[in-house]
Amino acid sequence: MTPGQVAVAGTRRRAVHWHCAVGLAALAVAGWLARRHWPVLETGAVRLVVADQGWLLVAATAAAVTWLCAALAQQGAVPVRLPRGRLVAAQFAGSAANQVLPAGLGGGAVNLRFLMRCGVPAARAATAVAVRGTAGVLVRAVLIASLALACPGVLHAPDTFPAGPVAAGAVVVAAALLAGPLRRRCRRWLGAAWADIGAVHARPGRAAALWGGSLAFAVLHCAVLVAVAQAVALPLAPQRVALLYLAASGAAALLPTPGGLGSLDAVLALALTAAGAPAAAAASAVIGYRLLTAWLPLLPGLLVLGALIRHKAL
């Protein structure tokens with residue numbers, strides 16, 4: 001290996017070690033919280049068993065359709081046509097990979113390998129994955145803003161939160177990065193990414209698939225939690241539940257635990273109880289949401305991932 005490759009490999013190893021350390025710390029805190037609040041979790045699980053089966057069926061259906069929406073969004077980020085069956089299978093397998101790797105790295109890696117197997121060059125495949133991720137973030141931001149206007153007072157920063165200093169610090173860090181050695185590399189990458197984004201949006205069908213699939217994916221995840229909340233008689237309005245889910249999932253993404261394990265569960269349960277839901281009902285809603293979107297599909301998703309690898313689709 002050349003000295004440059006050795007340096008890159010060392011940087012990647014340090015990044016992996018850092019992610020693992022933070023993830024393990026978050027899991028340890030989540031385990032401590034679960035042990036401390038075990039009676040509430042147990043009551044929530046029992047309440048989920050006797051929940052309204054009709055609403056649970058609605059939630060399960062919405063969870064299943066999310067993978068179709070993910071496939072639609074990924075197709076929209078690529079100018080070339082992808083094989084539909086394998087594309088949907090890759091999204092299902094990627095959701096399982098997300099449960100064992102931190103911060104959504106599993107799904108991104110699966111989609112990157114899938115696109116490259118479909119003949120998309122590595123740089124364009126990476127850009128397509130990034131474009132889809134960016135579209136998802138922007139769509140969630142718009143949904144949060146819209147729901148926050150519909151539900152005033154639900155989201156508010158603490159009075160002591162130093163918003164000004166935090167924003168100034170972020171600007172300084174970004175300026176330092178862009179003014180340093182990374183500036184030329186960032187400009188090259190942004191130029192290539194902008195060209196690919198232009199190619200996608202030059203075709204209205206692709207752009208509609210990208211943004212429509214991203215919007216439907218976020219809305220359906222909200223619908224899963226809302227339906228489970230209705231099944232366990234959570235005393236919160238659906239739009240408030242959706243807003244709390246979007247905000248909590250965004251906050252939990254800052255902690256790189258596998259599949260948001262522990263971080264999303266704790267933040268979402270805390271958000272629901274802070275909004276006025278009983279602790280047992282909030283625990284039931286969170287457990288039901290996680291069962292349908294993460295835990296029950298995990299084993300089938302890993303089997304699909306193995307099949308795709310065996311058939312050299314990844």
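These notebook entries record what I looked up in a predicted model.

**Entry 1. Overall composition**

I began with the secondary structure of the chain. I found 13 helices and zero strands. Reading along the sequence, I noted the pattern α-α-α-α-α-α-α-α-α-α-α-α-α. I then looked up burial, and buried residues make up 38% of the 314 residues in the chain. For contacts with a separation of 6 or more, I recorded that 75% are between residues 24 or more positions apart.

**Entry 2. Helices α9 and α10**

I next examined how helix α9 (residues 204-231) packs on helix α10 (residues 238-252). The angle is about 130 degrees, and the axes are 9 Å apart. That angle makes α9 oblique to α10. I logged the crossing of these two helices as right-handed. On the α9 side, the contact is made by H221, C222, L225, V226, A229 and Q230. On the α10 side, I listed P238, V241, A242, Y245 and L246. Sorting the residues of this contact by class, I obtained nine nonpolar, two polar and no charged.

**Entry 3. Helices α6 and α10**

I then turned to the packing of helix α10 with helix α6 (residues 122-150). The two axes come within 10 Å and cross at roughly 140 degrees. I therefore entered α6 as oblique to α10. The crossing of α6 past α10 is left-handed. From α6, I noted R140, L143, I144, L147 and A148 in the contact. From α10, the contact residues are Q239, A242, L243, Y245, L246, A247 and S249. By class, I recorded nine nonpolar, two polar and one charged residues for the contact of α6 with α10.

I also compared the two lists for α10. A242, Y245 and L246 appear in the contact with α9, and A242, Y245 and L246 are likewise listed in the contact with α6.

**Entry 4. Helices α11 and α12**

I looked up the pair α11 and α12, which pack at an angle of about 145 degrees with their axes 9 Å apart. I noted that α11 passes α12 in a right-handed crossing. The α11 residues in the contact are L264, D265, L268, A269, L272 and T273. The α12 residues are A279, A282, A285, V286, Y289, R290 and W295. By class, I recorded 10 nonpolar, one polar and two charged residues for this contact.

**Entry 5. The salt bridge**

How many salt bridges does the structure hold? I found one. The side chains of D265 and R290 meet in it, at 3.2 Å from N to O. D265 lies in helix α11 (residues 263-274) and R290 in helix α12 (residues 279-295), 25 residues apart, and the pair links distant parts of the chain. Both residues also appear in the contact of α11 with α12. As background, I noted that side chains of opposite charge can pair when their charged atoms come close.

Are the two partners buried or exposed? D265 has a relative accessibility of 15%, so I counted D265 as buried. R290 has a relative accessible area of 4%, and I entered R290 as buried too.

**Entry 6. F217**

I returned to helix α9 to look up F217, which is placed there. Because its relative accessibility is 25%, I counted F217 as partly exposed. Leaving aside neighbours within four places in sequence, I found F217 in contact with T66, C69 and A70. I also checked F217 against R140, 77 residues apart along the chain, and their C-alpha atoms are separated by 9.8 Å. R140 is one of the α6 residues in the contact with α10.

**Entry 7. Positive phi outside glycine**

Finally, I looked up backbone phi values. Phi of A233 is near 60 degrees, a positive value in a residue other than glycine. I located A233 in the loop between α9 and α10. At 52% relative accessibility, A233 counts as exposed.

I also noted K312, which has a positive phi of about 60 degrees although it is not a glycine. K312 is placed in the segment after α13 (298-310). With a relative accessibility of 60%, K312 counts as exposed.

Conventions
Residues are numbered from 1 along each chain as its sequence is written. This is a predicted model: local features need pLDDT of at least 70, side-chain atom pairs count only at pLDDT 80 or more; totals for chains, interfaces and linings use all residues. Side-chain values use heavy atoms; hydrogens and water are left out. Axes are lines fitted to C-alpha atoms, for helices over the stretch in contact, and angles run from 0 to 180 degrees between N-to-C directions. Helices (H or I, at least four residues) and strands (E, at least two) are DSSP runs, numbered from the N terminus. Angles under 35 degrees count as roughly parallel, over 145 as roughly antiparallel, 65 to 115 as roughly perpendicular and the rest as oblique. A crossing is left-handed if the near helix is turned anticlockwise from the far one by less than a right angle, and right-handed if clockwise. Contact means heavy atoms within 4.5 Å. Ala, Val, Leu, Ile, Met, Phe, Trp, Tyr, Cys and Pro count as nonpolar, Asp, Glu, Lys and Arg as charged, and the others, Gly among them, as polar. A salt bridge is a side-chain nitrogen of Lys or Arg within 4 Å of a carboxyl oxygen of Asp or Glu. Buried means under 20% relative accessible area, exposed over 50%, partly exposed in between (1.4 Å probe, protein chains only).
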